[in-house]
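Let us take a walk through this structure together, from the place where its chains meet to a few individual residues. Keep the 3D view open as you read.

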Amino acid sequence: MSSRPRMTWHRLLLWTVLLLWAAWFLAPLYVMVVTSLKDMQQVREGHLLSLPTAPTLAAWAKAWSSACTGVDCGGLKPFFMNSVLMVVPAVLLSTALGALNGYVLAKWRFPGSETMFAMLLFGVFMPMQVVLLPMSQVLGWLGIASSIWGLMLVHILAGLPSTTLFFRNYYVGLPDELVKAAMLDGAGFWQIFWRIVLPLSTPIVVVTLIWQFTAIWNDFLYGVVFSGADSKPITVGLNNLSNTSSSVKEYNVDMAAALIAALPTLIVYVLAGKYFVRGLTAGAVKG
Amino acid sequence: MSAPSTAPAPWLPRLVVAPSFLLGFLFIYGLIAWNGYLSLSASRLLPNYEFVGLAQYVNLFENERFHVAMKNMAIFGVLFVGGAMALGLLLAVLLDQKIRAEGVLRTVYLYPMAISFIVTGTAWKWMLNPGLGLEHLMHRWGFESFTFGWLVDPDKALYCIVIAGIWQSAGFVMALFLAGLRGIDESIVKAAQVDGASLPRIYWRILIPSLRPVFFSTLMVVSHLAIKSFDLVMALTAGGPGYATDLPATFMYAMAFSRGQIGLGAAAATVMLATVAAIVVPYLYSELRARR
């Protein structure tokens, strides 16, 4: 029997396929990094995959502070700051509300609560195009159209269905006996939440924070529709930057800008990928 | 229902969720209804609540540009969903072979999911541009006659969006299938091996068929992503050349926010909603029923 050599031949083929696909996934990131470190002369003289002959951070500096995004030429910095200002409160609030909703839906069910949950769940999937037109009018009435506040409000409302889903499915897995025992001891609704449920929630809190951060940081649709001249988020800044037509297309600046926009979520992914994957699968597979 | 329901203050839990559910339902269903009403109105540059019945829908379905968007949606949908599902399943099965570096490879396959479609679009626009991109690279490697102008070719630009979309989403599909494969009882595989079944046969006949629930939920998630595709198109082609790569989402955006056709945009949004609902509602219904 020649099963051993055949096995190694199989393994070789397996590894070749796996590594080729890994190269395909990594290629765009590699191209972005090497291109961002070149000046335009090196971009023209080299090719997509060539290493920079004289690495420079000039494209990064330009993308950050002086590249043109339409008529303004202040780089991505103001957009980046807008995104930071918007993302922090939006992530924290939508996560906190999701935790409370999930706690009630899992441990304090009342007649109709399951139906309400199902109805909220549709918000995870619906195409947001249906809310764009009416919402811009609502934001106008509230006096927060074209502002960071309006954008924040939309992100919190749009995030509620998924954060509620995450926490509800996680809390369903906590034994009901915990809550019952605490109630026998005289603990109330809030005491049980603070003393018993919340201390057990660290994993799902991390998953939800990462999920919301990634979703809101990467959002483009709300950003492009609801923001005004000085409240545009990073994705809109990047898109404007790379679509600004100038006499010479500066791909190195485009790539540096793309990396600046991608870095915050990429860093979170590298540091906490496990939780990110859990969020992805929690959104699709029932808990 | 085993959860405690006789609380000391039964109104408290309801009061706690009331504000966010009220706002959430207003946001989802209130705005859907409002958008539906806009789609039946004569709104153009500004909302105008004069009722015109289905006139906007008639205009929509007679609109040449919307036809292009729907046709693109069908082509993009089939290729993107099919491609991402096939590649994701392949990678999941390969990674399931007790690979030593599985964690690293999984991270590599999945990282595009963490970045914005705008970043993906910007990167692929540079790589696929006919001047200094892939074509230039192949020329340098000695393939002087190689040409690659898909991105600026009205008939081919859509395929560039498909490629970039698969690049971004295949890892997600892989993660879902891999989680499914890990959930299967190993004794089934052992028993089949004892019976002398080969590994490919075990996958094809036993493991992949038992992934059916995962397959359907993944198919549903990826399909609704396809229908909602907007960012990637905006970053990669902005719907161009001309409107050759328009999808319903970019059509809706163009009509509602730059062409002053609010009623038409609202009608297009309603069509998108109906399409997503047709896919998602049966799924949600069966999921929630199964849970009881």
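A good place to begin is the contact between the two chains, to which chain B gives 90 residues and chain A gives 78 residues. On the side of chain B that touches chain A, the biggest contribution comes from helix H1 (residues 11-39) of chain B, with 17 residues. That side of chain B is made up of 67 nonpolar, 16 polar and seven charged residues. Please keep in mind throughout that this is a predicted model.

Since H1(B) gives the most to that side, let us see what it packs against. One partner is helix H4 (residues 77-107) of chain A, whose axis comes within 9 Å of the axis of H1(B) and crosses it at roughly 135 degrees. Angles over 145 degrees would count as roughly antiparallel and those from 65 to 115 as roughly perpendicular; H4(A) and H1(B) are therefore oblique to each other. Their crossing is left-handed. If you display side chains here, look on H4(A) for Leu97(A), Leu100(A), Asn101(A) and Val104(A), which meet Pro13(B), Val16(B), Val17(B) and Ser20(B) on H1(B). Six of the residues in this contact are nonpolar and two are polar, with no charged ones.

Another partner of H1(B) is helix H7 (residues 148-172) of chain A, and this pair packs at an angle of about 110 degrees with the axes 10 Å apart. That angle makes H7(A) roughly perpendicular to H1(B). Here Leu157(A), Leu160(A) and Pro161(A) of H7(A) come together with Ser20(B), Leu23(B), Gly24(B) and Phe27(B) of H1(B). The residues of this contact comprise five nonpolar and two polar, and again no charged ones. Notice Ser20(B): it takes part in the contact with H7(A), and it also appears in the contact with H4(A).

Now step back and look at chain B as a whole. How many helices and strands does chain B have? There are 13 helices and zero strands, so the pattern along the sequence reads α-α-α-α-α-α-α-α-α-α-α-α-α. The C-alpha trace of chain B spans about 80 × 75 × 30 Å along its principal axes. Its radius of gyration is 24 Å, whereas a compact globule of 292 residues would have one near 19 Å. Of the 292 residues in chain B, 44% are buried. Contacts also reach across the sequence: among those in chain B between residues at least 6 apart, 68% join residues at least 24 apart.

Within chain B, a helix pair worth finding is helix H5 (residues 117-128) and helix H7 (residues 157-182), whose axes lie 10 Å apart at an angle of about 130 degrees. H5(B) and H7(B) are therefore oblique to each other, and H5(B) passes H7(B) in a right-handed crossing. Phe117(B), Thr120(B), Gly121(B), Trp124(B) and Leu128(B) represent H5(B) in this contact, facing Cys160(B), Ala164(B), Trp167(B) and Gln168(B) of H7(B). Six of these residues are nonpolar and three are polar, and none is charged.

Two loop residues of chain B deserve a look at their backbone. Most residues other than glycine have a negative phi. Lys98(B), however, is not a glycine and has a positive phi of about 50 degrees. You will find Lys98(B) in the loop between helix H3 (64-95) and helix H4 (102-110) of chain B. Lys98(B) is exposed, because just 6 other C-beta atoms lie within 10 Å. Ala238(B) also has a positive phi, near 55 degrees, and is likewise a residue other than glycine. Ala238(B) sits in the loop between helix H11 (231-236) and helix H12 (248-258) of chain B. With 17 C-beta neighbours inside 10 Å, Ala238(B) counts as partly exposed.

To finish, return to chain A and find Val34(A), which lies in helix H1 (residues 3-36) of chain A. Is Val34(A) buried or exposed? Val34(A) has 21 other C-beta atoms within 10 Å, so it is buried. Leaving aside neighbours within four places in sequence, Val34(A) is in contact with Leu51(A) and Pro52(A). The C-alpha atom of Val34(A) is separated by 33 Å from that of Val91(A), a residue 57 places away along the chain.

Notes:
Residues are numbered from 1 along each chain as its sequence is written. Chains are lettered from A and ligands numbered from 1 in the order in which they are written. This is a predicted model: local features need pLDDT of at least 70, side-chain atom pairs count only at pLDDT 80 or more; totals for chains, interfaces and linings use all residues. Two residues are in contact if their C-beta atoms, placed from the backbone, lie within 7 Å. Helices (H or I, at least four residues) and strands (E, at least two) are DSSP runs, numbered from the N terminus. Ala, Val, Leu, Ile, Met, Phe, Trp, Tyr, Cys and Pro count as nonpolar, Asp, Glu, Lys and Arg as charged, and the others, Gly among them, as polar. Axes are lines fitted to C-alpha atoms, for helices over the stretch in contact, and angles run from 0 to 180 degrees between N-to-C directions. Angles under 35 degrees count as roughly parallel, over 145 as roughly antiparallel, 65 to 115 as roughly perpendicular and the rest as oblique. A crossing is left-handed if the near helix is turned anticlockwise from the far one by less than a right angle, and right-handed if clockwise. The radius of gyration is taken over C-alpha atoms; the globule rule is 2.2 Å times the number of residues to the power 0.38. A residue is buried if 20 or more other C-beta atoms lie within 10 Å of its own, exposed if 12 or fewer, and partly exposed in between; C-beta atoms are placed from the backbone.
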